[in-house]
Amino acid sequence: DSGVSGLTIEVSADAVNITSVESLSYGETLADAAVSGTVTVRGTVIAGTFAFADGDIIPDVADSGVTDYAVVFTPENSIYRVAQTNAKVTVNAMEVDLSGITVQNKIYDGTAVAAVNSFSAGTFTVSGSGLFENADAGTGKTVTLKDMKITSASGADLANYIFTYNGETVKVGADGSIISVLTTEADIFRREVTVSFDPAKF
């Protein structure tokens, strides 16, 4: 009896190959991305699971397909060593819908100026002005939104987001200015005029 028991010999992998990495939407962590691959030891594929080493990382869109992140393979059988490699991940921009922007109805005042209601979507606020198609009273009048700008109190990077309005992608400048032409509808009500008549004066 040699007196030696419970001896474990750890065997290192010969090859670690990543076959697929689930894409992410901005705001998701690496832990949300499923990783698949194969690990072989002496020509035999061994069972186990892949996961990013630091699952708490939230990649930016700028990291998509560019930045390498450490991936750890944990084998089911403890005779094999934990293996590590790197993988890239696709990060899609998070969609922010601006379709809720509305314009205030108004009473006829002889001008085509329209007031845009305050609008927020997530961390973003949209502000600007509007212009009715003309100054005449009417319902369902087209309003063109003017000088619209997107700002973020938290300093969110606009590059991580895609903005849409009524199902269409909105072109946004680096400073948050909305370049696309956006339109909505609002009403201009007729102004009521009260005329008093005193028969005694006639």
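Which residues does lysine 106 touch, not counting residues up to four places away in sequence? Lysine 106 touches Thr111, Ala112, Val113, Phe132, Asp187, Ile188 and Phe189. The structure is a predicted model, and this report starts from that lysine.

**Lysine 106**

Lysine 106 sits in strand S10, which spans residues 106-107. Its relative accessible area is 14%. Buried means under 20%, so lysine 106 counts as buried. Its side chain has polar partners. One is aspartate 109: the two side chains are joined by a polar contact of 3.0 Å. Another is valine 113, whose backbone oxygen lies 2.8 Å from a polar atom of the lysine 106 side chain. Valine 113 is also among the residues that lysine 106 touches.

**Glycine 138**

Aspartate 187 and Ile188 appear in the contacts of lysine 106. Both also touch glycine 138, as does Ala186, again leaving out residues up to four places away in sequence. Glycine 138 belongs to strand S14. Along the chain, glycine 138 and aspartate 187 are 49 residues apart. Their C-alpha atoms are separated by 5.8 Å.

**The chain as a whole**

The chain has 17 strands and zero helices. It has 202 residues, and buried residues make up 30% of them. Consider the contacts with a separation of 6 or more. Residues 24 or more positions apart account for 58% of these. The chain exposes about 12300 Å². Carbon and sulfur atoms supply 48% of that area.

**The nonpolar core**

The largest nonpolar core has 43 residues. Leu98, Ile101 and Phe163 have the most contacts inside it. Strand S14, residues 138-152, gives the most to this core, with four residues.

What does phenylalanine 163 touch, not counting residues up to four places away in sequence? The list includes the nonpolar residues Val96, Leu98, Phe124, Ile150, Leu158, Val170 and Val172. Glu168 and Thr169 are on it too. Leu98 is thus a contact of phenylalanine 163, and both are named among the core residues with the most contacts.

**A three-stranded sheet**

Strands S5, S6 and S7 form an open sheet in the order S5-S6-S7, with antiparallel pairing. Which strands stand at the edges? They are S5 (48-52) and S7 (83-87). Each has a single partner strand, so one side of each is left without a neighbour in the sheet. Neighbouring strands of this sheet are turned by 25 degrees against each other on average, direction ignored.

Strand S6 covers residues 69-75. S6 and S7 pair in the antiparallel sense over five bridges. Phenylalanine 73 has its bridge partner in S7: alanine 83.

**Two positive phi values**

Most residues other than glycine have a negative phi. Arginine 42 has a positive one, and aspartate 147 does as well. The table sets the two side by side.

| Residue | Phi | Place | Relative accessibility |
|---|---|---|---|
| Arginine 42 | near 55 degrees | loop between strand S3 (35-41) and strand S4 (44-45) | 70% |
| Aspartate 147 | near 50 degrees | strand S14 | 70% |

Are these residues buried or exposed? Exposed means over 50%, so arginine 42, at 70%, counts as exposed. Aspartate 147, at 70%, counts as exposed too. Arginine 42 lies in a loop, whereas aspartate 147 lies in a strand. That strand, S14, is the one that gives the most to the largest nonpolar core, and glycine 138 is also in S14.

How values were computed
Residues numbered from 1 in each chain as written. Predicted model: local features only at pLDDT ≥ 70, side-chain atom pairs only at ≥ 80, totals over all residues. Heavy atoms only, no water. Core = buried A, V, L, I, M, F, W, Y, C linked by side-chain atoms within 4.5 Å. Buried < 20%, exposed > 50% of the residue type's maximum accessible area, 1.4 Å probe, protein only. Helix = DSSP H or I, 4+ residues; strand = E, 2+ residues; numbered from the N terminus. Contact = heavy atoms within 4.5 Å. Areas by Shrake-Rupley, 256 points an atom, 1.4 Å probe, with all protein chains shown as cover. Polar contact = N/O pair within 3.5 Å; in protein donor to acceptor, adjacent residues only side chain to side chain. Pairing = 2+ DSSP bridges. Axes fitted to C-alpha atoms, helices over the stretch in contact; angles between N-to-C directions.
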